[in-house]
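Please open the model in your viewer and keep the selection panel handy. We will go stop by stop, choosing a few residues at a time and looking at what is there.

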Amino acid sequence: MNRVWMIFLLGWVTIGMAAGPADESSRGSLVRIRASIQPYDQFRPWQKKAPFGLNGTGVVLPGGKVLATAALVENRTEVGLEKPGSAEKCAAEVEAIDYEANLALLKPTDPDFLKGFAGMGIGTALRSGDKAEVWQLERNGELLRNQAEILSTGVGRYPSDEAGFLVYGVRVSLPKRDDSYMLPLVRNSQLAGIMMGYDRDSQEGSAIPVPMIEHFLKDAADGKYEGFPTLGVSWSPLRDPNLREEVLAPKSGGVLLTRVNPRGTAGRAGLMEGDVLLSVDGFKLDEDGNYRDALYGPTAVGNLIRTRPTVGSPAKFHISRQGREMDLAGVYDRKAREEVAIPTLQYDVPPKYVVVGGLVFQELTGTYLQEWGEKWSERAPQRLVQLFTFQNEKRPDPEKKVVFLSQVLPSPITLGYLQLSGLVLEKLNGREVHSLQELAERVDRADSGDLVFEFTDDPGKLVLDAAEVRAVQEKIGKDYNLPALRRL
Amino acid sequence: MRFGIWKLTLVLLPFFAGCGREDGQLREAKKNVVMIEVTAQIWDYRLPWNPGTVSSSRGAGFVIEGNRILTNAHVISGARYITVQREADPRKYPGKVLHVAHDCDLALVEVQDPEFFKGTTALSLGGMPDLESVVSVYGFPIGGDRLSVTRGVVSRIDYNSYTHSGRESHLAIQIDAAINPGNSGGPVMQSDKVVGVAFQGFRGDVAQNVGYMIPTPVIRRFLKDVEDGHYDHYVDIAIRWMPLENPAMRKYLHRPNDGLGVVVTDIFSEGSSDGMLKKEDVLLSIDGHPIESDGSVRLDGQPVQLEEIVERKFAGDQVELEVWRKQALEKVALTLRPAEMFSMYENLYEEAPRYVLYGGLVFQPLTSNLMAGLLGAADLRLRQTYALFGQDQLYRETPEPVILSSVLPDRLNVYLGGMAGQIVREINGRRIRTLADVIPALESGGERTVIRFEGDQRPAVLKKSEVDRVMPRIMAQYGIKETSRTEVNGRRLAKGSFSEEKPK
């Protein structure tokens, strides 16, 4: 969905530059990151795609760990660090990664590799109008400092996140240099953010701001990374006086909840569809869903509930329900994001599949759909798009995974089934199937007789003979050079 | 839906294969092929109250018995003024559409003045040409005003989509005659008989030397259908079936491996087979023609899809099926009718777009024309409702989904601007299933009108008294004369098979 961001970063072009003199304070705070990336092939789930490399400029933190973007190291086969000014290299491990927040924490495998690096401290949050610098490394290790200005602060899109986090809009003119897939945004020699996107035409980019980085590092510090909380609601602005009257909203403020996920933070705290959410943790919401941030001024509620609290911290809501105001309390969590039938983010996770006599079954994920390209919602099988996009309505039970027939490998027993694909499996031999694991087990248990597969869509039903499946399995694996007939 | 295919007229290349003879065919063609010039008005579904855009175009046609002129439906769609002109006669005669069949892209045009037909002999229809046999195509393509002829061979006889209607497939003949943008509706001839009407082709960047003509079985069907003075729609068996090629599937259905029969996988409610066929029925023969396991039957010695048997029949006709059901042979006689539940997917030409205007909110029924008009404004939910409407038989619940197609900005509705493209679920607590539900629902309820949409969209709320007050202002501002246009006229709609619920 969001791979566009990478393209911006890969396509650096020299359009003027503002280089500053090398600064001694930069030494010991930057390290080159060389990542070898190899995503899984969602259409051929038994294999990976061709590998490619990404190069970024990581920030060495006091204590010797390295901060990177998640996009730089997701689906990696190998991550290496390289000292600026020398070619000395060291492998690194990913200690914590947050694909939504686009942040990762790396640790060199050799604990002495970054010895002598003082690291860069985390600075303060910036406001729009503030000046900063984007740092790049020259080939010889010298520092290139590009003058930058913060244009905006607000909640915006991240490469792998639907809901949005705090993001800085940055104006900067960046020359084309290596290792620019991620770059530090620096102010007074302290880290102010991480550049994660850049559009060479407008010379504007986006940066992950310090509050996000601090939240991430704090979460990762105990070795058990939990992630950013979510509320699990859809809401609509409540400016329209007619609508306010209809939902019996108080005179001012608040937004209308149009959907509440019962598993999410809000749902578990007792919020309901149709409630008017007036304030969160004491922060009043205006009719457009903004609260007044001490630093940034009016800011979208997304920042209030995602960046500020941590998973497990208490949540307080003040609502109006049918004209009656009340307080509700809960605990921030991520269940609305994690307990789902169809997961969105599947980086570094091999896709599951089972081959049954030539029928290839997979479990639906957002990553599979994205494989259909930028226009996946038009090009992918519409039933799969529907289940994914409207899963709150269509598949609210997170235990009921979507198993589907993704393709048919021609085999002696799949005659007449060859063109079929994208069919959602409902039942095997009359009983519902809720996961690929379950499908595999039930196929294994069937020694003889028919395997009757029932699908949501036409042709509805396919039949294989269990004994024949058993007989051809090995041959299919051999004929198509499959490393395995399943991955669960 | 119209991927590179476009309507075209076929042209004769100004080149004769060596011989230069003026044979009987050419003489006949010169007498009977006519140029049809049309001024059409196309409704604008984004502004359904407007009379539409006027455009001119040119097509071909030819005189058949009864002093009628056969041409393509798309040549005369939306015609407001038609003139017909014969080769070598400078006079233009006013014409009038007698019958139009958008589903098979054919139409009959009449000319009142008997003078026009002096010297015409009427072309007669032949049969199906053989593969690789040579045919000549007559018409008036761009590049000149005189009759033109091209020659090609019959490359393929198969089902093909008829792009004019947007949803139909019928028998079509592919020929390799050179084809240029210009005039559809010209005859394709073999010796002195018409074997088809040229009607569509591919754009040059998709395929070259590919043209399509409507074969005579389709033409004859059309001419027979209008004998009663009225054109009915094609009938449809309204099922889905799957080839029965897989041995395990055959065994499961208790069929021997004899290469015969297809299995019914879905039956569309409200269609010809509703209540008559069941899932997992194996169709073994149709009107006595054995059905091969790939769904083909032999007709005049040629393999054609089993639907071709149904294609040649009319509303009210019967078709006999031999069905293998629950391990027993049964005979099922279906009374055929059009598949009205899919009419949403038909491109509309003559029908004026229907709408209801309320406080600047424009409600329209979901049609293929509206979808084309909404373009980017159609969100995923609407696109999916449209795409899955037939497949999921959504017409049972909502025969005609109603869309908030646009919001005409006014002080009254400033907070409703971004809501266009939503599917209306209910108005004032009343479920909206067709456009006809909208006005009664708007008139019901209390002082506020509450419009709810599918999905997790906020409701739209308007004060009735304010709407009444500003309607004249909005109508004057946007040049709208009528607050609604809801007559269905002759349009066929799904009936819907939901159980009527009592209003609360």
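Start in chain B with the hairpin of β6(B) and β7(B), which has six residues between its strands. Select B:A88 there: this residue takes a positive phi near 65 degrees. Do keep in mind along the way that this is a predicted model.

**The strands around the first stop**

Now colour residues 79-86 of chain B, which are strand β6, and residues 93-101 of chain B, which are strand β7. The two pair in the antiparallel sense over three bridges. To see how they line up, show B:V84 and B:Y93, since these residues stand opposite each other.

Next, add residues 106-111 of chain B, strand β8. Six bridges join β7(B) to β8(B), and these strands also run antiparallel. For a matched pair here, select B:K96 and look across to B:E110 in β8(B). The hairpin of β7(B) and β8(B) has four residues between the strands. Click on B:D105 in this turn, where phi is positive at about 55 degrees.

**Across to chain A**

Where do chain B and chain A meet? Show both chains together: 33 residues of chain B are in contact with 36 residues of chain A. The chains bury about 3100 Å² between them, with 50% of it on carbon and sulfur atoms. Eleven salt bridges are counted between chain B and chain A. To view a salt bridge between A:E378 and B:R383, draw a distance between their closest N and O atoms, which are 3.9 Å apart.

Stay with both chains and select residues 382-389 of chain A, helix α10, together with residues 380-388 of chain B, helix α7. Their axes are 11 Å apart, and the helices pack at an angle of about 140 degrees. The crossing of α10(A) past α7(B) is left-handed. Which side chains should you show as sticks? On α10(A), pick A:Q382, A:R383, A:V385, A:Q386 and A:T389; on α7(B), pick B:L380, B:Q384 and B:L388. Colour this contact by class and you will find three nonpolar, four polar and one charged residues.

**One barrel in chain A**

Hide chain B for now. In chain A, a closed barrel of six strands follows the order β1-β2-β3-β6-β5-β4, with antiparallel pairing. Neighbouring strands of this sheet are turned by 40 degrees against each other on average, direction ignored. Select β1 (residues 30-37) and β4 (residues 76-82) of chain A, antiparallel strands joined by six bridges. Within that pair, A:A35 has A:V79 in β4(A) as its bridge partner. Then bring in α3(A), which packs on the sheet and touches β3 (66-68), β5 (89-98) and β6 (103-108) of chain A. The direction of α3(A) makes about 50 degrees with that of β6(A).

**Another barrel in chain A**

Move along chain A to a closed barrel of six strands in the order β7-β8-β9-β12-β11-β10, again with antiparallel pairing. Its twist averages 45 degrees from one strand to the next. Highlight β7 (residues 131-137) and β8 (residues 143-158) of chain A: seven bridges join these antiparallel strands. Zoom in on A:L137, which stands opposite A:L143 in β8(A).

For the last stop, select residues 210-220 of chain A, helix α3. This helix lies across β8, β9 (161-172), β11 (190-199) and β12 (204-209) of chain A. Relative to β12(A), helix α3(A) runs at about 35 degrees.

How values were computed:
Residues numbered from 1 in each chain as written. Chains lettered and ligands numbered in written order. Predicted model: local features only at pLDDT ≥ 70, side-chain atom pairs only at ≥ 80, totals over all residues. Heavy atoms only, no water. Pairing = 2+ DSSP bridges. Axes fitted to C-alpha atoms, helices over the stretch in contact; angles between N-to-C directions. Contact = heavy atoms within 4.5 Å. Left-handed = near helix turned anticlockwise from the far one by under 90°. Nonpolar A, V, L, I, M, F, W, Y, C, P; charged D, E, K, R; others polar. Buried area = accessible area lost by both parts, 1.4 Å probe. Salt bridge = Lys/Arg side-chain N within 4 Å of Asp/Glu carboxyl O.
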